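Please walk through this structure with me, beginning with one pair of residues and widening the view from there to sheets, whole chains and packed helices.

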Amino acid sequence: MSTTLPPAAAADAPLDTYLLNMGPQHPSTHGVLRLKVTLRGERALAVEPVIGYGHRAHEKMAENRTYAQFYPNTSRQDYLGGVIYSVAWAEAVEKLANIEVPERAKIARVILSEFNRLYSHILWIGFFLHDLGATTPLVYSFEDREAILNLLESVTGSRLTYCTARFGGLSQDLDPDFPRRAREVLAKVKARWPEFEDLIDGNPIYQERVKGVGIFTKEQMQSYGVTGPALRAAGVPYDVRRVEPYGVYPRFEFEIPIMDQSDCYGRYMVRVREVRQSVRIIEQALDVLPDGPIITKAGLGSKFRLKPPVGTIYHAVESPRGHYGILLVSEGGTEPWRAKFRTPSYANLAVMVEVMPGNFIADIIAILGSIDIIVPEVDR
Amino acid sequence: MRLLGALRDWMGGYIGEFWATLFLGVAIIMSFLPFNVLFLVWLERKVSGHIQRRYGPLHVGPHGALQTVADMVKLLGKQLLTPAATDRWVFLFAPVLVFLPTMALASLIPVSGAEAFAEMPIGLVAVVAISSITVLAIFMGGWASNNKYAVLGGMRSVAQVISYEIPVLLSVLAVVLVAKSLNLREIVEAQQRFVWYALVLPVPAVIYIIGITAETNRAPFDIPEAESELVAGFHTEYAGMRYAMFMFAEYTNMIVLGALGATLFLGGYDGPFAPGPWWLLLKAYAIVFFMMWMRWTYPRLRFDQLMSLAWKFLIPVALVWLVGTALVVVRIG
């Protein structure tokens, strides 16, 4: 299935259509994203995402820095997946350079990553409702996110752009009090579930706005490479943590929530259920968190003079938005010869060209919000 | 009230009673409405704050009460931008026109048993007629801005207000049938003799509140300005005091339509102990508070859902109630 874009700005464009430039400055494009929307009345005939306003050449930067120097860049690709991206970079380089990671660090990485996923999803619920016109859920979700951020800040030192992972471990050890505080936060998050369900799920206006809106077919998602909750909402249990396990995820019990509708409501429900699974993983991980070093001696020493052997690796993780992959090519130097990042939002945005036409302006915003787009990740 | 009457008599001795009433009425309304707007904006921020587990404004004045005054001073100091490609005179006139009908409406609402600034035997018809002028100003503003978001907002506003006037009218007609009068003061007096019409006509009362929420373009029916879709909708291109005029109009509309709702359904100025105007204000503010509560609770409806709510649900229900009320009134006599 392909869509031909009617050239709205061209001289032979039909007179009853017009071109609306949504963005790069627009309250709901989640950053500097521009949507060229061809409209007839309120209905979109074609939507063309225009990207690159926030392009910072992360891949080129990776080629000009040592492996360790690239850490700060990782969480600046996806500002809501900082821990996961930082850990992904560490794991990719560890794979390339064969660095061992102590047991405690492996488990701690899972705990921090899942807390990251937790707050990303919770915040998404707020922002999605904000896109639909309800302002209050955003503030509520910030409250939960705040608790998680305070917890992460206490062990990593930062709140948004974490570069907490190190080759061979983590930069700081979890303090002895951490499991107790983590459980407190989890209890707080869990106590909020019924409230969210009543206020959001039980709201007839919300149901009207999201059910049957923005249906992605499996074929479209396959051809554009859509991953993450958007794919799982179509009933495809694709989760990198399960299909290409990394870290210590195989040790934990968790489900891959799927829905069949593949609409905005399905994507919402998948995230709501994933929040529960993340909590489940964290609880298991806290139970088995062993004592021991958080980083190996070799890892500490690798900070400045890491020279991985010649080789090419591909490492994928499940970011809150989908399949995040790092391709690293080493020629034996202190800097990667090539680093390629496969970011989920980029592919998830591309499918908009197929999905958006025929929808109302209000639905365009809802669909764009429903894939949890992070624009710096699209542009990199 | 007595003081006001004395003042009017004294002035009437010099310029005639008609001009004295006009002068006093305009003076009172013109001084009340801006203060009311300042209060309502503050109230909205407080209500939203507490709904969202925050405090809202806190630092300027006691409990942030002077925050809106500070905001107003800021807006006064802003440059009045007129974009180059606008339809200049329409653009400049729209913020003025949007405010005028609400002022006129305020003068028609009876504030106590004796005094109404402009009493008409068909006051209700006048209120409904005048209140539909606002949408013209909103559309003028949207159209003249020469901005696609503004045009979309203006068009949405026209469709929405015209659709929602019908259920409002039908629910108001039910009141007219029961009260057997179009005079607002007589409607209140009929309620004094009987009971508040919200109790005998609960469904029209609810439809009225939904309808005025849509007519004042407030969430969940705020699609003409739909922040997350149309940036700011019809007033995207307005800055400074011109923007403030649209805000003025929105909040004035809320209180005036709230006062009208109080008059029609909640017994208007009627109440024990305190004089009439206080009761009217209290009831109007209760309705306004309810509208704020809705705004900070619900997501926005989509445009087509908004239309189908009006045409497929509210209008049929209001019609059924109207016919039912008519039958009951005829049967009882």
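**From a strand pair to packed helices**

In this predicted model, Tyr18(A) has Leu39(A), a residue of β2(A), as its bridge partner. That pair belongs to a wider match, in which β1(A) and strand β2 (residues 34–40) of chain A run antiparallel and are joined by 5 bridges. Together with β3, these strands form an open sheet of 3 strands in the order β1-β2-β3 in chain A, and the pairing is antiparallel. The edges are taken by β1 and β3 (43–50) of chain A, each of which pairs on one side only. From one strand to the next, the twist averages 20°.

Another open sheet of chain A is built from 3 strands in the order β6-β7-β8, again with antiparallel pairing. Here β6 (311–319) and β8 (338–342) of chain A each have a single partner strand and stand at the edges, so one side of each is left without a neighbour in the sheet. Neighbouring strands in this sheet are turned against each other by 10° on average, with direction ignored. Strand β7 (residues 322–330) of chain A runs antiparallel to β8(A), and 5 bridges join the two; within β8(A), Lys340(A) is the residue that stands opposite Leu327(A). A helix covers part of this arrangement: α3 (residues 82–97) of chain A lies across β6 and β7 of chain A, and it runs at about 155° to β6(A).

Stepping back to the whole chain, chain A has 16 helices and 8 strands. Its radius of gyration is 21 Å, close to the 21 Å that the globule rule gives for 380 residues, so chain A is as compact as a globular protein of that length. Taken along the principal axes, the box filled by the C-alpha atoms of chain A is roughly 70 × 50 × 30 Å.

Chain A also touches chain B, in a contact that takes 26 residues from chain A and 22 residues from chain B. On the side of chain A, the elements that give two or more residues are β1 (18–22), α4 (103–131), α5 (136–156), α7 (204–210) and α15 (361–370). By class, this side of chain A has 13 nonpolar, 7 polar and 6 charged residues.

Within chain B, helix α12 offers a useful place to follow the packing. Helix α4 (residues 88–108) of chain B packs with helix α12 (residues 240–265) of chain B at an angle of about 25°, their axes being 9 Å apart, and the two are therefore roughly parallel to each other. The crossing in which α4(B) passes α12(B) is left-handed. Among the residues that make this contact are Pro95(B), Val98(B) and Phe99(B) of α4(B), and Met245(B), Phe248(B) and Thr252(B) of α12(B). The contact of α4(B) with α12(B) has 10 nonpolar, 3 polar and 1 charged residues.

How does helix α2 (residues 17–51) of chain B meet α12(B), and at what angle do their axes cross? The axes come within 9 Å and cross at roughly 95°, which makes α2(B) roughly perpendicular to α12(B). Leu33(B), Asn36(B), Val37(B), Leu40(B) and Val41(B) of α2(B) make this contact with Phe248(B), Tyr251(B), Thr252(B), Met254(B) and Ile255(B) of α12(B). These residues divide into 8 nonpolar, 2 polar and no charged.

Conventions. Residues are numbered from 1 along each chain as its sequence is written. Chains are lettered from A and ligands numbered from 1 in the order in which they are written. This is a predicted model: local features need pLDDT of at least 70, side-chain atom pairs count only at pLDDT 80 or more; totals for chains, interfaces and linings use all residues. Axes are lines fitted to C-alpha atoms, for helices over the stretch in contact, and angles run from 0 to 180 degrees between N-to-C directions. Helices (H or I, at least four residues) and strands (E, at least two) are DSSP runs, numbered from the N terminus. Angles under 35 degrees count as roughly parallel, over 145 as roughly antiparallel, 65 to 115 as roughly perpendicular and the rest as oblique. A crossing is left-handed if the near helix is turned anticlockwise from the far one by less than a right angle, and right-handed if clockwise. Two residues are in contact if their C-beta atoms, placed from the backbone, lie within 7 Å. Ala, Val, Leu, Ile, Met, Phe, Trp, Tyr, Cys and Pro count as nonpolar, Asp, Glu, Lys and Arg as charged, and the others, Gly among them, as polar. Two strands pair if DSSP finds at least two bridges between them. The radius of gyration is taken over C-alpha atoms; the globule rule is 2.2 Å times the number of residues to the power 0.38.
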